[in-house]
Amino acid sequence: MRCLALDMQERFRPAICCFSDILEVARRMVEASKTLNIPLVVSEQYPKGLGKTVPELDVGHAALTFDKTKFSMLLPEVEAFLLERDIKQVVLFGIEAHVCVQQTTLDLLNKGIEVHVIADSTSSRSKMDRQFAFERLRQAGAVISTSESTLLQLVGDKDNEHFKAIQGLIMKSAPTSDLVPASETKRPECSN
(Lines give C-alpha, C1' and ligand atoms only; values in the text may rest on other atoms or scores of the structure.)
Protein backbone atom coordinates (compact mmCIF):
# COMPACT_ATOMS: atom_id res chain seq x y z
CA MET A 1 0.00 0.00 0.00
CA ARG A 2 1.17 3.55 -0.71
CA CYS A 3 0.19 6.95 0.69
CA LEU A 4 -0.64 9.68 -1.78
CA ALA A 5 -0.94 13.22 -0.41
CA LEU A 6 -2.61 15.73 -2.67
CA ASP A 7 -1.99 19.45 -2.74
CA MET A 8 -1.79 20.34 0.97
CA GLN A 9 -0.55 23.82 0.10
CA GLU A 10 -0.30 27.18 1.83
CA ARG A 11 -2.67 29.17 -0.40
CA PHE A 12 -5.47 26.69 0.29
CA ARG A 13 -5.28 27.27 4.05
CA PRO A 14 -7.86 30.10 4.31
CA ALA A 15 -10.24 28.65 1.73
CA ILE A 16 -10.62 24.99 2.65
CA CYS A 17 -13.34 23.81 5.04
CA CYS A 18 -11.73 22.61 8.30
CA PHE A 19 -8.19 23.06 7.01
CA SER A 20 -6.59 22.88 10.46
CA ASP A 21 -8.44 19.62 11.22
CA ILE A 22 -7.51 17.92 7.95
CA LEU A 23 -3.95 19.17 8.34
CA GLU A 24 -3.69 17.53 11.78
CA VAL A 25 -4.92 14.24 10.37
CA ALA A 26 -2.68 14.56 7.30
CA ARG A 27 0.25 15.07 9.68
CA ARG A 28 -0.64 11.76 11.36
CA MET A 29 -0.89 9.97 8.02
CA VAL A 30 2.46 11.34 6.84
CA GLU A 31 4.11 10.34 10.13
CA ALA A 32 2.54 6.87 9.87
CA SER A 33 3.91 6.48 6.33
CA LYS A 34 7.38 7.10 7.75
CA THR A 35 6.88 4.75 10.73
CA LEU A 36 5.42 1.94 8.62
CA ASN A 37 7.89 2.47 5.77
CA ILE A 38 5.06 3.07 3.32
CA PRO A 39 6.33 5.18 0.43
CA LEU A 40 4.75 8.62 0.33
CA VAL A 41 3.96 10.38 -2.94
CA VAL A 42 3.24 14.11 -2.68
CA SER A 43 1.79 16.40 -5.33
CA GLU A 44 1.69 20.18 -5.42
CA GLN A 45 -0.89 21.83 -7.66
CA TYR A 46 0.68 24.79 -9.49
CA PRO A 47 3.06 25.71 -6.63
CA LYS A 48 4.09 28.96 -8.34
CA GLY A 49 0.61 30.31 -7.62
CA LEU A 50 -0.56 28.14 -4.71
CA GLY A 51 2.63 27.75 -2.73
CA LYS A 52 4.51 24.70 -1.55
CA THR A 53 3.30 21.96 0.81
CA VAL A 54 2.49 23.48 4.20
CA PRO A 55 5.46 23.42 6.58
CA GLU A 56 3.54 21.47 9.24
CA LEU A 57 3.77 18.39 7.02
CA ASP A 58 7.23 16.84 7.11
CA VAL A 59 7.32 15.27 3.65
CA GLY A 60 11.10 15.15 3.42
CA HIS A 61 10.97 11.34 3.32
CA ALA A 62 8.58 11.28 0.34
CA ALA A 63 9.57 8.78 -2.33
CA LEU A 64 8.26 11.17 -4.98
CA THR A 65 7.29 14.85 -4.84
CA PHE A 66 6.18 16.63 -7.99
CA ASP A 67 4.47 19.73 -9.33
CA LYS A 68 1.36 19.44 -11.47
CA THR A 69 -1.22 21.51 -13.27
CA LYS A 70 -3.48 18.57 -14.16
CA PHE A 71 -6.10 17.95 -11.48
CA SER A 72 -5.40 14.22 -11.25
CA MET A 73 -2.09 13.26 -9.74
CA LEU A 74 -1.93 10.14 -11.91
CA LEU A 75 0.72 11.63 -14.18
CA PRO A 76 3.17 9.42 -16.11
CA GLU A 77 5.81 9.56 -13.34
CA VAL A 78 3.28 8.49 -10.70
CA GLU A 79 1.86 5.77 -12.92
CA ALA A 80 5.40 4.48 -13.55
CA PHE A 81 6.16 4.61 -9.81
CA LEU A 82 3.05 2.51 -9.07
CA LEU A 83 3.67 0.05 -11.91
CA GLU A 84 7.34 -0.50 -11.07
CA ARG A 85 6.35 -1.44 -7.53
CA ASP A 86 3.25 -3.43 -8.52
CA ILE A 87 1.06 -1.25 -6.28
CA LYS A 88 -2.52 -2.53 -5.99
CA GLN A 89 -3.76 -0.35 -3.10
CA VAL A 90 -3.28 3.31 -2.18
CA VAL A 91 -4.32 5.56 0.68
CA LEU A 92 -5.29 8.99 -0.62
CA PHE A 93 -5.87 12.25 1.27
CA GLY A 94 -5.68 15.98 0.65
CA ILE A 95 -7.56 18.70 -1.17
CA GLU A 96 -9.85 19.31 -2.88
CA ALA A 97 -12.18 16.33 -2.47
CA HIS A 98 -14.35 17.14 -5.48
CA VAL A 99 -11.50 18.04 -7.84
CA CYS A 100 -7.99 16.57 -7.43
CA VAL A 101 -8.88 13.81 -4.97
CA GLN A 102 -11.90 12.78 -7.02
CA GLN A 103 -10.11 12.80 -10.37
CA THR A 104 -7.09 10.96 -8.96
CA THR A 105 -9.33 8.35 -7.32
CA LEU A 106 -11.31 7.75 -10.50
CA ASP A 107 -8.12 7.46 -12.56
CA LEU A 108 -6.60 4.98 -10.07
CA LEU A 109 -9.79 2.91 -9.96
CA ASN A 110 -9.80 2.81 -13.77
CA LYS A 111 -6.28 1.33 -13.58
CA GLY A 112 -7.52 -1.42 -11.23
CA ILE A 113 -5.95 0.09 -8.10
CA GLU A 114 -7.92 -0.09 -4.85
CA VAL A 115 -8.26 3.38 -3.31
CA HIS A 116 -8.86 4.22 0.36
CA VAL A 117 -9.81 7.90 0.76
CA ILE A 118 -9.19 9.26 4.26
CA ALA A 119 -12.38 11.26 4.93
CA ASP A 120 -11.08 13.10 7.99
CA SER A 121 -8.04 14.31 6.04
CA THR A 122 -9.77 15.29 2.81
CA SER A 123 -11.81 18.42 2.22
CA SER A 124 -13.01 21.08 -0.20
CA ARG A 125 -13.90 24.73 -0.04
CA SER A 126 -17.55 23.81 0.53
CA LYS A 127 -19.15 21.10 2.63
CA MET A 128 -21.53 20.31 -0.21
CA ASP A 129 -18.71 19.60 -2.70
CA ARG A 130 -16.96 17.46 -0.12
CA GLN A 131 -20.10 15.47 0.70
CA PHE A 132 -20.99 14.77 -2.91
CA ALA A 133 -17.40 13.88 -3.78
CA PHE A 134 -17.34 11.22 -1.04
CA GLU A 135 -20.68 9.90 -2.26
CA ARG A 136 -19.51 9.72 -5.88
CA LEU A 137 -16.22 8.06 -4.93
CA ARG A 138 -17.98 5.46 -2.80
CA GLN A 139 -20.32 4.68 -5.71
CA ALA A 140 -17.32 4.38 -8.03
CA GLY A 141 -15.76 1.74 -5.76
CA ALA A 142 -13.41 3.65 -3.47
CA VAL A 143 -13.27 2.89 0.24
CA ILE A 144 -14.09 6.00 2.27
CA SER A 145 -12.73 5.59 5.78
CA THR A 146 -11.15 7.41 8.70
CA SER A 147 -7.50 7.81 9.56
CA GLU A 148 -7.74 5.71 12.72
CA SER A 149 -9.52 2.85 11.00
CA THR A 150 -7.02 2.85 8.16
CA LEU A 151 -3.96 3.06 10.41
CA LEU A 152 -5.15 0.17 12.55
CA GLN A 153 -5.91 -1.83 9.42
CA LEU A 154 -2.36 -1.20 8.23
CA VAL A 155 -0.79 -2.56 11.45
CA GLY A 156 -3.37 -5.34 11.69
CA ASP A 157 -2.38 -6.63 15.12
CA LYS A 158 -1.34 -5.25 18.49
CA ASP A 159 1.73 -7.46 18.22
CA ASN A 160 2.88 -5.60 15.10
CA GLU A 161 6.28 -4.03 15.83
CA HIS A 162 4.88 -0.58 14.90
CA PHE A 163 1.63 -0.81 16.85
CA LYS A 164 2.85 1.33 19.79
CA ALA A 165 4.03 4.10 17.46
CA ILE A 166 0.69 4.10 15.60
CA GLN A 167 -1.18 3.93 18.90
CA GLY A 168 0.71 7.06 19.93
CA LEU A 169 -0.52 8.84 16.79
CA ILE A 170 -4.16 7.94 17.41
CA MET A 171 -4.23 8.10 21.22
CA LYS A 172 -5.88 11.50 21.00
CA SER A 173 -8.99 11.20 18.82
CA ALA A 174 -8.68 12.85 15.44
CA PRO A 175 -10.64 16.06 14.97
CA THR A 176 -14.05 15.47 13.36
CA SER A 177 -13.14 17.64 10.36
CA ASP A 178 -16.80 18.66 10.40
CA LEU A 179 -17.85 15.18 9.27
CA VAL A 180 -20.27 14.93 12.19
CA PRO A 181 -21.87 17.72 14.19
CA ALA A 182 -19.83 18.65 17.26
CA SER A 183 -22.85 17.95 19.46
CA GLU A 184 -22.73 14.28 18.39
CA THR A 185 -19.09 13.67 19.27
CA LYS A 186 -19.47 13.66 23.06
CA ARG A 187 -22.96 12.31 23.70
CA PRO A 188 -23.11 10.01 26.72
CA GLU A 189 -24.92 7.29 24.76
CA CYS A 190 -21.91 7.14 22.41
CA SER A 191 -19.47 6.26 25.16
CA ASN A 192 -20.33 2.54 25.27
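**Group meeting: sheet, helices and cavity of a predicted model**

In this structure, L64 of β3 is the bridge partner of V41. I open with that pair, in what is a predicted model, and I shall work outwards from it. β2 and β3 run parallel and are joined by five bridges.

As general background, the strands of a sheet pair through backbone hydrogen bonds, in either a parallel or an antiparallel manner. How are the strands ordered here, and what is the pairing? There are six strands in an open sheet, the pairing is parallel, and the order reads β3-β2-β1-β4-β5-β6. The edge positions belong to β3, residues 64-68, and β6, residues 143-145; each has a single partner strand, so one side of each lacks a neighbour in the sheet. On average, and with direction ignored, neighbouring strands of this sheet are turned by 20 degrees against each other.

I turn now to the helices that pack on this sheet. Helix α5, residues 127-140, touches β5 (114-123) and β6, and its direction makes about 170 degrees with that of β5. Helix α6, residues 147-155, also packs on the sheet, touching β4 (89-95), β5 and β6. The direction of α6 makes about 140 degrees with that of β5.

Next, the helix pairs. Helix α4, residues 97-110, and α5 have axes that come within 10 Å and cross at roughly 5 degrees. Angles under 35 degrees count as roughly parallel, and α4 and α5 are therefore roughly parallel to each other. On the α4 side, the contact is made by A97, H98, V101, Q102, T105, L106 and L109. From α5 come D129, R130, A133, F134, R136, L137 and A140. By class, the contact of α4 with α5 comprises eight nonpolar, three polar and three charged residues.

The second pair is α1, residues 19-35, with helix α7, residues 163-170. Their axes lie 10 Å apart, and the packing angle is about 175 degrees. An angle over 145 degrees counts as roughly antiparallel, and α1 and α7 are therefore roughly antiparallel to each other. Which residues meet in this pair? R28, E31, A32 and T35 of α1 meet A165, I166, L169 and I170 of α7. The contact of α1 with α7 divides into five nonpolar, one polar and two charged residues.

Two backbone details deserve a place in this account. Where is the cis peptide bond? It runs from I95 to E96, with omega near -10 degrees, and E96 belongs to the loop between β4 and α4. The other detail concerns N37, a residue other than glycine whose phi is positive, near 55 degrees. N37 sits in the loop between α1 and β2.

Finally, the interior. Rolling a probe the size of a water molecule over the atoms shows where empty space is left. How many cavities of 30 Å³ or more are counted? The count comes to one, and the volume of the largest cavity is about 30 Å³. Its lining consists of A5, L6, D7, M8, V42, S43, T53, L57 and V59. β1 (2-6) and β2 (40-45) each supply at least two residues of that lining. By class, the lining of the largest cavity has six nonpolar residues, two polar and one charged.

To close, I return to the starting point: β2, which contributes to the cavity lining, is joined to β3 by five bridges, among them the pairing of V41 with L64.

How values were computed:
Residues are numbered from 1 along each chain as its sequence is written. This is a predicted model: local features need pLDDT of at least 70, side-chain atom pairs count only at pLDDT 80 or more; totals for chains, interfaces and linings use all residues. Side-chain values use heavy atoms; hydrogens and water are left out. On a 1 Å grid over the protein atoms alone, a cavity is a set of points where a 1.4 Å probe fits but cannot get out, and a pocket is an open set with protein on both sides within 12 Å along at least five of seven lines; lining residues have an atom within 4 Å of a point. Grid points are joined across faces, edges and corners, and a volume is the space filled by probe spheres set on the points. Helices (H or I, at least four residues) and strands (E, at least two) are DSSP runs, numbered from the N terminus. Ala, Val, Leu, Ile, Met, Phe, Trp, Tyr, Cys and Pro count as nonpolar, Asp, Glu, Lys and Arg as charged, and the others, Gly among them, as polar. Two strands pair if DSSP finds at least two bridges between them. Axes are lines fitted to C-alpha atoms, for helices over the stretch in contact, and angles run from 0 to 180 degrees between N-to-C directions. Contact means heavy atoms within 4.5 Å. Angles under 35 degrees count as roughly parallel, over 145 as roughly antiparallel, 65 to 115 as roughly perpendicular and the rest as oblique.
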